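Here's a quick walk through this model, written for someone who'd rather look at contacts than read theory. Keep the structure open while you read.

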Amino acid sequence: MPTRPLRHLFHPANADDYADILHRGIDHLGDHLREVTGPARGASPEQAAKLIDDIDLDEPAGEVEDVLSELSRVYLDDTVWFHEPMYAAHLNCPVVIPALLGELFVSSVNSSLDTFDQSVGATYIERHLIDWTAGRIGFGAGSDGVFTSGGSQSNLQALLLARGRRRGVPADRLRVLTSQDSHFSVQKSARLMGLSDDAVVTVPTDAARRMDVAALKRALETCDADGLTVMAVVATAGTTDFGAIDPMRAIAQAAGAYGAWMHVDAAYGGGLLTSPRRRHLLDGIELADSVTIDYHKTFFQPVSSSAIVVRDGSTLQEVTHHADYLNPRSAQQPNQVDKSLQTTRRFDALKLWITLRLMGADQIGDYFDTVIDLAQDVAEVVRADRGFELAADPSLSTVVFRYRPLGMSESDADDLNPRLRQELYAGGRAMVAGTKVDGRSWLKLTLLNPMATTEHMVEILDTLRTLAREIDAPALLEVS
Ligand SMILES: *Cc1c(COP(=O)(O)O)cnc(C)c1O
């Protein structure tokens, strides 16, 4: 048997190679990890592109060691490390090691979760995790759901299910109500579904950046008076910028009065389901028709790991299609494809499974609680510092702030803060995010690393101050 050309396949004949190559990969990454000294090295898009454009894909690089050292050069050396305590930019979590153990099995065994006959136990592991999540949400018997590629896909599917309830209403009469701070995937989903451009009606927020329920009620009345059908109200449990949690109980009541589907986008706040100290912040989530949970945000899981969970499992039939070659109606098998927008689908659920089996849920919740505590501490530091402004009290683990010492105009702050963010990245010691609040430029710390401390954040603030003085020395002299 010609084994050499086939030595790359995952196969018992190659079990030694399998272990050897993966161990080398682990050693390479472990060695690299020990040397990481900051969240990134500040590479520009041009520098990153140049390294990769030069690679000739028709010529293999050589043996494993050659490939790994090339990988360091074109990727690892300049990549962004979410485990670094001064990485505080986007909603990326550092990942837990049990999930990485799971990832090994996800990729190697390569089950596909579309049908039972491609997955067997995996189908039931996924179902058990969905039931567990539904239980934590407070859904009763009859609830169901499915893992998805991310919150965007979960939100899209939720809106598809909502539209299912409004069959027969012309697309241009359908409306979706959501707060002005909700995630852009709501708009994108509406567009993908062929709804009209003005289908998504945004509802203003209150002083705490939560959906204003009085305004929601007025919007519902207005739609009704105009002969429009509100097919869904989308509440957010943890907005991307402010972590604000919309008042779900009141929203459910208002939506229910018009027969509208209520979806809760808990992509960010979902981690509170495991919080020993803050589960009550999700009060009312059990009244939703559907919920988005991103395990790859606040359950410390690697991308992708997400789910849509619905109160009434039969509503998932909206996305069911029977194909003779895959999931014929006669099969009577527990085929997850009947509930999913995807066909071939990764066994991402296994990562969460191993995490729960090894760590337990309380520790995940503890990690999330720790970063929420940190955000509250850091907000106090920002508030007390005359060089900075705080946009709002933190709700979860984000702190929206800007550099604006006394006497600096809003428009100068608008120019300066995005530059500060860029310079901070270029320096390689820390990373923060940028956003706009009421048209003005702000910076944002997104804190998801339970190993980060207030001292780390103070160092970021001090670095920003130093950079600001370097950039803006003349302007500052004028005001002092
Ligand atoms: C991140 C996020 C999403 C999108 O989730 P992906 O997993 O990135 O697709 C949706 N809603 C909210 C509130 C989010 O924070």
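Let's begin at the ligand, keeping in mind that this is a predicted model. There are 14 residues around the ligand, and Gly151, Ser152, Asp265, Asp294 and Lys297 come nearest.

Which side chains put a polar atom beside an oxygen atom of the ligand? Ser152, Asp294 and His296 are among them. Here are the distances, side by side:

| Residue | Side-chain atom | Ligand atom | Distance |
|---|---|---|---|
| Ser152 | N or O | oxygen | 2.7 Å |
| Asp294 | polar atom | oxygen | 2.7 Å |
| His296 | polar atom | oxygen | 2.8 Å |

How much of the ligand does the protein bury? Taken alone, the ligand exposes 380 Å², and 85% of that is buried by the protein. Ser152 and Asp294 turn up twice here: both belong to the group that comes nearest the ligand, and both have an entry in the table, Ser152 at 2.7 Å and Asp294 at 2.7 Å.

Now zoom out to the domains. Domain 1 covers 101–349, while domain 2 covers 362–470. Measure from one C-alpha centre to the other and you get 30 Å between domain 1 and domain 2.

So what does the interface look like? On the domain 1 side, 21 residues are in contact with 24 residues of domain 2. About 1,900 Å² is buried between the two domains, and carbon and sulfur atoms give 56% of that area. Within domain 1, the residues that lose the most area to domain 2 are Asp241, Phe242 and Phe300; together they make up 33% of what that side buries.

There's plenty of polar chemistry to look at too. Five salt bridges are found across the interface of domain 1 and domain 2, along with twelve residue pairs in polar contact, both partners at pLDDT 80 or more. Sorted by class, the side of domain 1 that touches domain 2 has eight nonpolar residues, eight polar ones and five charged ones.

If you want one salt bridge to find on screen, try Asp369 and Arg278: their side chains meet at 2.9 Å, N to O.

Terms used
Residues are numbered from 1 along each chain as its sequence is written. This is a predicted model: local features need pLDDT of at least 70, side-chain atom pairs count only at pLDDT 80 or more; totals for chains, interfaces and linings use all residues. Side-chain values use heavy atoms; hydrogens and water are left out. Domain bounds come from an automatic or database domain assignment. Contact means heavy atoms within 4.5 Å. Buried area is the accessible area (1.4 Å probe) that two parts lose on being put together, summed over both. A salt bridge is a side-chain nitrogen of Lys or Arg within 4 Å of a carboxyl oxygen of Asp or Glu. A polar contact is a pair of N or O atoms within 3.5 Å; within protein, one must be able to donate a hydrogen and the other to accept it, and residues adjacent in sequence count only if both atoms are side-chain atoms. Ala, Val, Leu, Ile, Met, Phe, Trp, Tyr, Cys and Pro count as nonpolar, Asp, Glu, Lys and Arg as charged, and the others, Gly among them, as polar. A residue is near a molecule or strand if one of its heavy atoms lies within 4 Å of it. Accessible areas come from the Shrake-Rupley method with a 1.4 Å probe; for residues, only the protein chains shown count as cover.
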